[in-house]
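Colleague: I'd like a close look at one part of this model. Could you walk me through it?

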Amino acid sequence: MICADGGRYPADTVVSCAGRWTQKVAELAGAYVPMADPDLAGSATVGFLATTAPTAARLARVLTGPRLNVRPDGGGRLLLQALDLDASADPAKPYAPDGEIATDMLARLPEVLNAAEGTVVEKVRVGQRAMPGDGFTVAGFPASDVPFYVVATHSGITLAPLLGHLVADELYGHESPLLKDFRPGRSTSGEVLPPPPPARRPGEQ
């Protein structure tokens, strides 16, 4: 393997786990692995994330609800997400911490968490999700004669433990039947795949 800085490292197989950069990394190995555009405003690949200032409300796990998703973000902060607001998300635009998006999320917070009154938002940004071109996980060797394995998914927070196990087994020759429908070879013609529908409900992210 040759890196951008000129360094060379011996490897039996290179595994790409490059998230939304998967398509460009795969191209370096001569492979075509289409990913949905992570810069497309209002698409399934983008979504608002609001980080609060330290707050009295305490949360020790991910909380998913119909109007607001919340998780702890360290230092007493919370990370807020409201999927129904994402249709207006644009990675190219700045969003004020006291703007409409932040105000709307904060108004919903007491619905799901006690002691949340008085919480303020420090930062609003647009997150950019990894999303294979057809919306489904990709896992496998794009070509049988190249020691390059690619894995990309939109559901890493839930699938990572399983994918890590299955991919490790496959590198040692134990092909998994669970991955047979998710091979990168399903997109070898260079066609432009239709983008997946936006994630707008809990569980679709």
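How many bridges join β1 to strand β8, and do the two run parallel or antiparallel?

Modeller: Keep in mind that this is a predicted model. Three bridges join β1 to β8 (residues 148-152), and the two strands run parallel. If you want one pair to click on, take Val 15: its bridge partner in β8 is Tyr 149. Helix α3, residues 156-171, packs on the sheet here and touches both β1 and β8. The direction of α3 makes about 165° with that of β8.

Now zoom out to the sheet itself. It's an open one made of three strands, in the order β1-β8-β7, with mixed pairing. β1 (14-16) and β7 (138-140) each have a single partner strand, so they stand at the edges and one side of each is left without a neighbour in the sheet. From one strand to the next, the twist averages 20°. As for what holds such strands side by side, strands of a sheet pair through backbone hydrogen bonds, either parallel or antiparallel.

While you have the model open, look at helix α2 (residues 100-112) too. Its buried residues are Ile 101, Ala 102, Met 105, Arg 108 and Leu 109. These cover an arc of only 135° around the axis, which puts them on the same side of α2. That fits the usual pattern: an α-helix has 3.6 residues a turn, so residues three or four places apart point the same way. The cover over the buried residues of α2 includes β2 (46-52), β4 (69-72), β5 (78-81) and β6 (121-128). On the face turned away from that buried side, α2 carries the exposed residues Glu 100 and Ala 107.

Conventions
Residues numbered from 1 in each chain as written. Predicted model: local features only at pLDDT ≥ 70, side-chain atom pairs only at ≥ 80, totals over all residues. Heavy atoms only, no water. Pairing = 2+ DSSP bridges. Helix = DSSP H or I, 4+ residues; strand = E, 2+ residues; numbered from the N terminus. Axes fitted to C-alpha atoms, helices over the stretch in contact; angles between N-to-C directions. Contact = heavy atoms within 4.5 Å. Buried < 20%, exposed > 50% of the residue type's maximum accessible area, 1.4 Å probe, protein only. Arc of directions from axis to C-beta.
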